[in-house]
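Open the model in your viewer and keep the sequence panel at hand. We will go from stop to stop, selecting as we go.

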Amino acid sequence: MTAPHTAVLVEDDPGISRLIATILDPANYDVITVADGNDAVPLIADVQPDVVLLDIALPGRNGWEILTDLREQAGTAEIPVIVVTAHGQSGWEEKAIDLGASAYIEKPFRMRQLLDAVEAVEAD
């Protein structure tokens, strides 16, 4: 059995957090969840996960600020980030990619869609 991968999930909705953890568990991911945007960057820098799943609308700092900080810090600049948001608006996917996201998924998403995105960014 291969060693587990680690995903940090930045998500304030407990239901979505449980759903994503349930989807990633069989794919051998340990999921660490952080619900407050203020706590996300220090946790990600400390954990050094294989992938970050990032919501945009969060208490504290929003996902755009977190993504920008992750890309500007040497220790987190190369960690793949998948933006997963229910608040998608015109131009948000382009903004996410421009800020350095590896992928963009709108809620509600399909289980396979999430797994494919995680596997794709891990392969890069």
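This is a predicted model. Start by selecting Asn-28. Asn-28 is buried, because its relative accessible area is 17%, and the cut-off for buried is under 20%. Look at its backbone too: phi is near 70°, a positive value in a residue other than glycine. Asn-28 sits in the loop that runs between helix H1 (14-24) and strand E2 (29-34).

Next, select Gln-48. Here phi is about 55°, again positive, and Gln-48 is not a glycine. You will find Gln-48 in the loop between helix H2 (37-47) and strand E3 (51-54). Gln-48 is partly exposed, with a relative accessible area of 41%.

Now go to Pro-108. The peptide bond that joins Lys-107 to Pro-108 is cis, with omega near -5°. Pro-108 belongs to the loop between strand E5 (103-106) and helix H5 (111-123).

Turn to the interior. Select Val-10, Ile-44, Val-52, Leu-54, Ile-66 and Val-83: in the largest nonpolar core, of 21 residues, these touch the most other members. Strand E1 (5-10), H2, E3, helix H3 (63-72), strand E4 (81-85) and helix H4 (92-98) each give two or more residues to this core. H3 gives the most, with four.

Stay with Leu-54. Which residues is Leu-54 in contact with, leaving aside neighbours within four places in sequence? They are Val-10, Gly-63, Ile-66, Leu-67, Val-81, Ile-82, Val-83 and Val-84.

Last stop: a second, separate core of 19 residues. Select Ala-7, Tyr-29, Ala-117 and Val-118, which are among its members.

Definitions and conventions:
Residues are numbered from 1 along each chain as its sequence is written. This is a predicted model: local features need pLDDT of at least 70, side-chain atom pairs count only at pLDDT 80 or more; totals for chains, interfaces and linings use all residues. Side-chain values use heavy atoms; hydrogens and water are left out. Buried means under 20% relative accessible area, exposed over 50%, partly exposed in between (1.4 Å probe, protein chains only). A nonpolar core is a set of buried Ala, Val, Leu, Ile, Met, Phe, Trp, Tyr and Cys residues joined through side-chain atoms within 4.5 Å. Contact means heavy atoms within 4.5 Å.
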